[in-house]
Amino acid sequence: MAHAKTSYVCLPCRASYKQPYDRDRQRICPRCAKPLIHVGSAFAAPPRRDRAAWRTLSVLLHAGVRFHKSCCGGPGYRPRTLREVRERMAHARRTGEPFARALVRPEMP
């Protein structure tokens, strides 16, 4: 039986690749030779030309947010626009909540 594939992303190239998961193997971007970031199997890449979406994705990944499937479906809420990211980051700064937790909050208080 074949192993399930998961997504890896290169932020500088704005490219996504599906490859078998191997914890011990470092994945390298075929375009720029930089390390790929493991983002999870429930990831759907934005179009390469959508710079704002890739910038939003970059903030999420640098905060430690990934796109792994949960037991009941997909990864849960993830912000899709820079405005949503800014709102959640401001909330995190105001309240002291960790950025990763604030970014995946479905609704703002």
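Arginine 14 sits in the loop between E1 and E2. Its phi is near 50°, a positive value in a residue other than glycine. Keep in mind that this is a predicted model. Most residues other than glycine have a negative phi. The hairpin that E1 and E2 form has four residues between the strands.

Alanine 33 does something along those lines too: it has a positive phi of about 65° and is not a glycine. You'll find alanine 33 in the loop between E2 and E3. Is alanine 33 buried or exposed? Its relative accessibility is 54%, so it counts as exposed, the cut-off being over 50%.

Here are the two side by side:

| Residue | Phi | Loop |
|---|---|---|
| Arginine 14 | near 50° | between E1 and E2 |
| Alanine 33 | about 65° | between E2 and E3 |

**The sheet**

Now for the strands themselves. Strand E1 (residues 5-10) and E2 run antiparallel and are joined by six bridges. If you want to check the register, look for lysine 5 opposite proline 20 in E2, and for threonine 6 opposite glutamine 19 in E2.

The sheet is an open one of three strands, in the order E2-E1-E3, and the pairing is antiparallel. E2 and strand E3 (37-40) are the edge strands, each pairing on one side only. On average, neighbouring strands of this sheet are turned by 40° against each other, direction ignored.

Which residues of strand E2 (residues 15-20) are on its covered face? Those are Ala15, Tyr17 and Gln19, while Ser16, Lys18 and Pro20 make up the uncovered one. In a regular strand the side chains alternate between the two faces of the sheet.

**The helices**

H1 lies across E1, E2 and E3, and runs at about 105° to E1. There's a helix partner as well: helix H1 (residues 51-62) packs with helix H2 (residues 82-95) at an angle of about 30°, and their axes are 9 Å apart. Angles under 35 degrees count as roughly parallel, so H1 is roughly parallel to H2. On the H1 side, the contact is made by Ala52, Arg55, Thr56 and Val59, and on the H2 side by Leu82, Val85 and Met89. Sorted by class, that contact has five nonpolar residues, one polar and one charged.

**The cores**

What holds the central spots in the largest nonpolar core? It has 13 residues, and Val9, Leu57, Leu61 and Phe67 touch the most other members. H1 and H2 are the elements that give two or more residues to this core, and H1 gives the most, with four residues. Apart from this core lies another, of seven residues, including Tyr8, Cys13, Ala15 and Tyr17.

Phenylalanine 67 is worth clicking on. Leaving out residues up to four places away in sequence, phenylalanine 67 touches Val39, Gly40, Ser41, Ala42, Phe43, Leu57, Leu60, Leu61, Pro75 and Arg78.

**Phenylalanine 99**

Another phenylalanine to look at is phenylalanine 99, found in helix H3 (residues 99-103). How exposed is phenylalanine 99? Its relative accessible area is 37%, so it is partly exposed. Not counting residues up to four places away in sequence, phenylalanine 99 touches Met89, Ala92 and Arg93. Its C-alpha atom is separated by 23 Å from that of proline 12, and the two residues are 87 residues apart along the chain.

Note on methods
Residues numbered from 1 in each chain as written. Predicted model: local features only at pLDDT ≥ 70, side-chain atom pairs only at ≥ 80, totals over all residues. Heavy atoms only, no water. Axes fitted to C-alpha atoms, helices over the stretch in contact; angles between N-to-C directions. Parallel < 35°, antiparallel > 145°, perpendicular 65-115°, else oblique. Contact = heavy atoms within 4.5 Å. Nonpolar A, V, L, I, M, F, W, Y, C, P; charged D, E, K, R; others polar. Core = buried A, V, L, I, M, F, W, Y, C linked by side-chain atoms within 4.5 Å. Buried < 20%, exposed > 50% of the residue type's maximum accessible area, 1.4 Å probe, protein only. Pairing = 2+ DSSP bridges.
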